[in-house]
Amino acid sequence: MGTQSTNSPESVPGSGPDGREPAGSGRIPTPSWLTSILRHDVPASIVVFLVALPLSIGIAIASGAPVAAGLIAAVIGGVVAGALGGSALQVSGPAAGLTVIVAESINQFGWRVTCFIVAAAGVLQILFGLSRVARAALAVAPVVVHAMLAGIGITIALQQVHVLLGGESNSTAWTNITDLPAQLAALHGPAVFLGAVVIVIMLGWKYLPERVRVVPGALAAIVVATVLSLMFSLDVKRVTIDGSLFDAIGLPELPRSDWAGVVMMILTFALIASVESLLSAVAIDKMHTGPRADFDREMLGQGSANVLSGLLGGLPVTGVIVRSSTNVAAGARSRASAVLHGVWLLIFSVALASLVEQIPLAALAGLLIVIGVQLVKLAHIRLAHRTGDLLVYVATLVSVVFLNLLEGVLIGLALAFALLLWRVVRVTITAEPLGGTDRWLIQVDGSCTFLSLPKLSSTFAKVPPGIPVTVEMTVDFLDHAAYDAITDWARQHESNGGTVDFVEIGAARMANVEVAPPSRSMSRVALDGVLGPWQVDRNGSSNGAGDNGDPLVSGIAAYHRSHAHLVRPHLDELRDGQDPDSFFLTCSDSRIVPNVITNSGPGDLFTVRNVGNLVPEHGDASVEAALVFALEKLNVRSVVVCGHSSCGAMGALHSGEPAGPGIDRWLEYGRPSLESYRAGHVVGRAAEAAGFGPVEQLSMVRVGRPEMRDARNAITNARLAAANNAMGGSGNSTAALISIATEATAPVSAAVRACPAARPSIRNRTPAENTVRPTPKLSPLSMSL
């Protein structure tokens with residue numbers, strides 16, 4: 001996509017900040033909104049008018065409707081939909097996307113009844129807007145919409161090729177194809193010449209200098225072809241308008257029969273026009289940074305325009321992406337541009353209608369061929385291929401071209417739904433022996449329903465009898481039929497001397513199948529089961545726990561039942577030794593879970609915990625011994641000191657109240673941090689400015705000035721350079737205050753070890769990094785619980 005247009009009001013030279021003339025200027029103040037309209041919307045409306053004029057005429061001719069019907073729809077679409085619609089920069093009018101269905105309606109019911117269908121479809125659109133279900137129209141597979149537009153484009157091109165060759169288009173695409181050889185044999189030279197001129201200009205216009213491309217290519221092509229036809233007095237068919245624009249206005253007629261077909265056509269008009277308008281509004285929203293579209297209001301505007309267009313004898317109105325994108329690119333700032341473009345069309349249609357009658361039909365045919373071909377976008381075909389929707393695209397396109405628009409869309413939607421159903425409810429079932437053991441592993445992944453019974457049966461048949469089996473259930477939906485098949489096989493396998501252990505990783509649990517109707521379980525439930533704490537009620541029994549209500553025993557059983565087999569392979573890799581990435585010192589507080597907050601696994605962290613995450617300088621060598629071992633023997637790359645808010649140790653140290661003989665002696669090791677805090681340490685001041693309380697400030701100072709040394713003096717005299725609250729919040733939030741530390745042998749290094757988004761996974765180390773590691777860096781970290 002291109003660069004977005006800001007489309008925001010700008011100040012006018014010489015005006016005040018509010019858009020009014022400054023005092024003493026001697027001129028009458030001009031309102032800012034009027035200044036913006038005159039400066040931006042009026043020029044943009046002229047450009048859009050020049051684009052819309054030939055397109056409206058061409059679409060009317062391609063639909064088999066009176067030429068004036070296209071102009072009426074363009075005027076009403078600009079004025080009514082522009083003023084009432086919910087998308088400020090969208091421009092509405094007759095669109096190529098409805099050409100085929102309008103032609104079918106005219107052929108089946110006649111023009112006046114088609115006008116009634118347009119008005120009735122407008123009423124239905126108004127009901128869509130009032131019921132606030134406009135967004136539901138967006139629940140259509142994009143591939144179906146893309147294929148529908150491509151099918152319409154091919155149909156238009158097949159029709160207009162005959163007109164360009166000097167003949168008449170046929171009613172069906174197949175007839176247009178079969179009659180093409182005869183039409184080529186009897187082609188009309190002047191018509192072909194003029195059509196070719198339009199096509200060449202349209203295709204080559206984008207390569208001309210920018211100052212030339214200020215004039216729309218479609219308008220330039222029609223003007224050049226018309227001038228050439230007049231200069232050389234070419235004998236070609238031209239546009240005919242029966243009377244003035246006002247003469248073409250007439251009330252619609254009620255159908256005399258086939259009301260079922262009329263109702264179906266009304267529904268088709270309303271749905272296709274609504275979807276096209278809303279998709280256009282979505283696309284236009286991506287092109288500017290102004291107010292977003294109100295889809296329900298857009299339906300009201302489109303419906304009102306269609307009611308009026310149908311009553312006055314116009315084509316159906318819809319949001320048109322070509323005119324709308326031109327409007328944005330031309331610098332429009334408000335809906336005034338769309339309204340004004342309708343006014344210019346009205347003035348031209350009334351005052352200069354005779355000029356329209358000079359346009360050769362072959363020139364308009366060339367224009368419509370280019371427009372039709374451009375509706376087939378290679379980007380959409382590539383996207384359908386990448387997403388596996390190419391079958392839906394091709395089937396919809398072919399059905400639209402060779403059947404009709406409604407049947408083609410319905411076929412496309414049915415295929416898209418079937419493909420979606422297949423993707424959503426399918427399940428992957430595998431059975432294979434576990435290497436190095438006599439155990440087999442059966443994996444069931446996806447939505448397990450009665451549709452998966454054949455696959456379950458064939459997979460179970462592969463398992464030899466009498467052996468131990470682990471069944472890994474990673475399912476989000478499990479119905480009773482699949483549950484019965486699985487449990488029946490398990491009972492049969494166990495009766496033949498084997499064992500079956502079920503491991504339930506997915507959110508859908510087998511225990512719930514027989515007590516409630518099946519429903520899709522959210523994957524977050526399974527995640528909460530792994531990461532969440534034990535749920536213990538007041539009686540001390542764990543929720544859902546057997547095992548005598550002991551949460552520890554229940555937790556161990558749940559671990560073996562759910563994901564122990566996933567952890568064991570990683571532990572097997574560490575059988576002969578450990579290779580941790582980081583030394584991680586943190587508090588003994590039960591709320592700190594190092595592997596969770598660092599997204600690490602077995603063997604990644606060498607963790608040391610004590611009350612208050614203290615580092616004694618003398619009298620207790622336990623922390624220093626662990627640090628030396630990590631640096632000398634394990635060669636860790638980082639040393640992380642992690643504190644937290646609401647720390648009981650820091651609270652006792654700050655208050656000075658006795659906490660007990662053993663605890664008081666231990667907290668003496670934190671007194672240097674307390675003295676630094678009281679002396680106004682930079683981290684304490686930063687924490688205070690961020691809104692943290694005294695205990696949290698002390699905790700951060702404690703992390704910011706660790707009194708640790710390693711045997712090689714690789715990390716000495718660590719001092720804090722800056723601190724900031726990386727995630728925000730306090731109290732019970734899960735935010736992290738991540739600091740920046742300097743090292744004695746290195747420049748400033750960011751401590752991002754506990755911020756997964758800011759660092760690569762510590763699992764992904766190259767072999768070189770595993771053998772030669774840089775000097776470890778110190779990463780102070782304070783967690784806000």
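Q: Where does Gly408 sit, and why is Gly408 called buried?
A: In this predicted model, Gly408 belongs to helix 18, which spans residues 405-425. Its relative accessibility is 0%, and buried means under 20%, so Gly408 counts as buried.

Q: What does Gly408 touch, leaving out residues up to four places away in sequence?
A: Gly408 touches Thr396, Ser399 and Val400. Take Thr396: the two C-alpha atoms are 5.2 Å apart, with 12 residues of sequence separation between Gly408 and Thr396.

Q: What makes strand 7 largely enclosed by the rest of the structure?
A: Strand 7 covers residues 582-587, and 6 of its 6 residues are buried, so the rest of the structure largely encloses it.

Q: How do you know that strand 7 pairs with strand 8 and with strand 9?
A: Pairing takes at least two bridges. Strand 7 has 6 bridges to strand 8 (residues 605-610), running parallel, and 5 to strand 9 (residues 638-644), again in the parallel sense. Leu585 shows up in both pairings: Val608 stands opposite Leu585 in strand 8, and Val641 is the bridge partner of Leu585 in strand 9.

Q: Why is helix 1 called oblique to helix 3?
A: The axes of helix 1 (residues 32-63) and helix 3 (residues 99-109) cross at roughly 45 degrees and come within 8 Å. Angles under 35 degrees would count as roughly parallel, and roughly perpendicular takes 65 to 115. Roughly 45 degrees fits neither, so helix 1 is oblique to helix 3.

Q: Which residues make that contact between helix 1 and helix 3?
A: Helix 1 brings Ile59, Ala62 and Ser63, while helix 3 brings Thr99, Val102, Ala103 and Ile106. Sorted by type, the contact of helix 1 with helix 3 has 5 nonpolar residues, 2 polar and no charged.

Q: What makes helix 26 and helix 30 roughly perpendicular?
A: Helix 26 (residues 648-655) and helix 30 (residues 694-704) pack at about 105 degrees, with axes 9 Å apart. The range for roughly perpendicular is 65 to 115, so that is what helix 26 and helix 30 are to each other.

Q: Which residues of helix 26 and helix 30 meet?
A: On the helix 26 side they are Met650, Gly651, Leu653 and His654, and on the helix 30 side Pro694, Val695, Leu698, Ser699 and Arg702. The contact of helix 26 with helix 30 divides into 5 nonpolar, 3 polar and 1 charged.

Q: Which residues have the most contacts inside the largest nonpolar core?
A: Ile57, Ile117, Leu315 and Leu367 do, in a core of 101 residues. Helix 2 (residues 67-84) gives the most to this core, with 11 residues. As for Ile57, its contacts beyond four places in sequence are Val67, Leu71, Val239, Val356, Ile359 and Leu364. There's also a second, separate core of 25 residues, and Val427, Leu456, Ala482 and Ile486 are among them.

Q: What makes the pairing in the 3-4-5-6 sheet mixed?
A: The open sheet has 4 strands in that order, with mixed pairing. Strand 3 and strand 4 pair in the antiparallel sense over 7 bridges, whereas strand 4 (residues 440-448) and strand 5 (residues 468-478) run parallel, joined by 9 bridges. Pro433 has Trp440 as its bridge partner in strand 4, and Cys448 has Leu478 as its partner in strand 5.

Q: Why do strand 3 and strand 6 each have one side without a neighbour in the sheet?
A: Strand 3 (427-433) and strand 6 (499-504) stand at the edges with a single partner strand each, so one side of each has no neighbour in the sheet.

Q: What lies between strand 3 and strand 4?
A: The two form a hairpin with 6 residues between them, and Gly436 in the turn has a positive phi of about 80 degrees.

Q: How many helices and strands are in the protein chain, and what share of its residues is buried?
A: The protein chain has 31 helices and 13 strands. Of its 785 residues, 47% are buried. Among contacts in the protein chain with a separation of 6 or more, 75% are between residues 24 or more positions apart.

Terms used. Residues are numbered from 1 along each chain as its sequence is written. This is a predicted model: local features need pLDDT of at least 70, side-chain atom pairs count only at pLDDT 80 or more; totals for chains, interfaces and linings use all residues. Side-chain values use heavy atoms; hydrogens and water are left out. Buried means under 20% relative accessible area, exposed over 50%, partly exposed in between (1.4 Å probe, protein chains only). Contact means heavy atoms within 4.5 Å. Axes are lines fitted to C-alpha atoms, for helices over the stretch in contact, and angles run from 0 to 180 degrees between N-to-C directions. Angles under 35 degrees count as roughly parallel, over 145 as roughly antiparallel, 65 to 115 as roughly perpendicular and the rest as oblique. Ala, Val, Leu, Ile, Met, Phe, Trp, Tyr, Cys and Pro count as nonpolar, Asp, Glu, Lys and Arg as charged, and the others, Gly among them, as polar. A nonpolar core is a set of buried Ala, Val, Leu, Ile, Met, Phe, Trp, Tyr and Cys residues joined through side-chain atoms within 4.5 Å.
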